[in-house]
Amino acid sequence: GQPFTLDGHTLHIGACIGATTYPEDAQTPETLQKSADLALHRAKQIGPGRFQTFDPQMNSQLRMRKQLEEELRLAINDNQLVVHYQPKVEITTGNVRGIEALVRWQHPERGMIPPMMFVPLAEASNLILPLTEWVMRAACLDLRHCLDNGLDIGHVSVNLSANLVQHEDLAGLVRR
């Protein structure tokens, strides 16, 4: 836990540990490794310097996460997503200066799924790029529709994940 100096740089090192036990948690080397990996993943989620033992609920949570990830992949392709627009208002005048595009997921069975349930999943599973492309395309089409019908709503803002801000072709993504 103590910092140290290497080549003139002060470094801090920490560790997270995931642990499992044989035979309580798993009976084969492969399932033991998977159980330890799940525990390690949970330790990293909690924060730096954590120790986490395997809990059988982690398996069901992982299955649910994988299922939701696959459903999100389908949602992007099957237009289950919708964009809600929030006006951006200038406080001093009360005038609307634009709108912000906010993605929502209208799941056919689960109903409306809030962004806090699927945006972090999209970021962790490399679905954030197709999700963002979908939102940008939908916002541009909606803006074009408004302009074609004589409604100038100003600019449209689309939130970007921090993962995408460093994307090698962010400008190309926006342009497309």
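Reader: A salt bridge here is a side-chain nitrogen of Lys or Arg within 4 Å of a carboxyl oxygen of Asp or Glu. How many salt bridges does the structure hold?
Author: The model is a predicted one, and there are 8 salt bridges in it.

Reader: What is the N to O distance between Glu 133 and Arg 176?
Author: The side chains of Glu 133 and Arg 176 form a salt bridge at 3.7 Å, N to O. This pair ties together distant parts of the chain, with the two positions 43 residues apart: Glu 133 belongs to helix H4 (residues 128-148), and Arg 176 to the segment after helix H6 (170-175).

Reader: Is Arg 176 buried or exposed?
Author: Arg 176 is exposed, because its relative accessible area of 63% is over 50%. Its partner Glu 133 is partly exposed, with a value of 23%.

Reader: Which Asp forms a salt bridge with Arg 176?
Author: That residue is Asp 169, whose closest N and O atoms with Arg 176 are 3.1 Å apart. Asp 169 counts as partly exposed at 31% relative accessibility.

Reader: Which residue forms a salt bridge with Arg 97?
Author: Arg 97 pairs with Glu 90, and the closest N and O atoms lie 2.9 Å apart. Arg 97 has a relative accessible area of 41% and is partly exposed; Glu 90, at 28%, is also partly exposed.

Reader: Which residues are linked in a network of salt bridges?
Author: The network joins Arg 65, Glu 69, Glu 70 and Arg 73.

Reader: Arg 65 brings me to pockets. Which residues are closest to the centre of the largest pocket?
Author: The largest pocket holds about 530 Å³ of space. It has 15 lining residues, and those closest to its centre are Gln 45, Gln 61, Leu 62, Met 64 and Arg 65.

Reader: Which helices supply at least two residues of that lining?
Author: Helix H1 (29-46), helix H2 (57-77) and helix H3 (115-124) each do so. The largest share comes from H2, with 7 residues. By class, the lining has 8 nonpolar, 4 polar and 3 charged residues.

Reader: And the second largest pocket: what is its volume?
Author: Its volume is about 260 Å³. Among the residues lining it are Glu 133 and Arg 176, together with Met 136, Cys 140, Leu 143, His 155 and Leu 173. The elements giving two or more residues to this lining are H4, strand S8 (155-158) and H6.

Reader: Which element gives the most there?
Author: H4 does, with 6 residues. The lining of the second largest pocket divides into 8 nonpolar, 1 polar and 3 charged residues.

Reader: Changing topic to Trp 105: buried or exposed?
Author: Trp 105 is buried, since its relative accessible area is 0%. The residue lies in strand S6, and its side chain makes a polar contact of 3.0 Å with the side chain of Gln 80.

Reader: What else is Trp 105 in contact with, beyond its sequence neighbours?
Author: Leaving aside neighbours within four places, its contacts include Leu 68, Glu 71, Leu 72, Ala 75, Leu 81, Met 112, Ile 113 and Phe 118.

Reader: Where is His 107 found, and which residues does it touch?
Author: His 107 is found in strand S6 (residues 96-107). Not counting residues up to four places away in sequence, it touches Glu 71, Gln 80 and Ile 113.

Reader: Why is His 107 classed as buried?
Author: It is classed as buried because its relative accessible area is 5%, and the class covers values under 20%. The side chain of His 107 reaches the backbone nitrogen of Glu 109 at 3.0 Å.

Reader: Now the backbone. Which peptide bond is cis?
Author: The bond from Tyr 22 to Pro 23 is cis, with omega near 5 degrees. Pro 23 sits in the loop between strand S3 (17-19) and H1.

Reader: What is the phi of Asn 79?
Author: Its phi is near 55 degrees, which is positive in a residue other than glycine. Asn 79 is placed in the loop between H2 and strand S5 (81-89), and it is exposed, with a relative accessible area of 53%.

Reader: And what about Asn 126?
Author: Asn 126 is not a glycine, yet it has a positive phi of about 60 degrees. It is found in the loop between H3 and H4 and is exposed, at 66% relative accessible area.

Conventions. Residues are numbered from 1 along each chain as its sequence is written. This is a predicted model: local features need pLDDT of at least 70, side-chain atom pairs count only at pLDDT 80 or more; totals for chains, interfaces and linings use all residues. Side-chain values use heavy atoms; hydrogens and water are left out. Helices (H or I, at least four residues) and strands (E, at least two) are DSSP runs, numbered from the N terminus. Buried means under 20% relative accessible area, exposed over 50%, partly exposed in between (1.4 Å probe, protein chains only). A polar contact is a pair of N or O atoms within 3.5 Å; within protein, one must be able to donate a hydrogen and the other to accept it, and residues adjacent in sequence count only if both atoms are side-chain atoms. Contact means heavy atoms within 4.5 Å. On a 1 Å grid over the protein atoms alone, a cavity is a set of points where a 1.4 Å probe fits but cannot get out, and a pocket is an open set with protein on both sides within 12 Å along at least five of seven lines; lining residues have an atom within 4 Å of a point. Grid points are joined across faces, edges and corners, and a volume is the space filled by probe spheres set on the points. Ala, Val, Leu, Ile, Met, Phe, Trp, Tyr, Cys and Pro count as nonpolar, Asp, Glu, Lys and Arg as charged, and the others, Gly among them, as polar.
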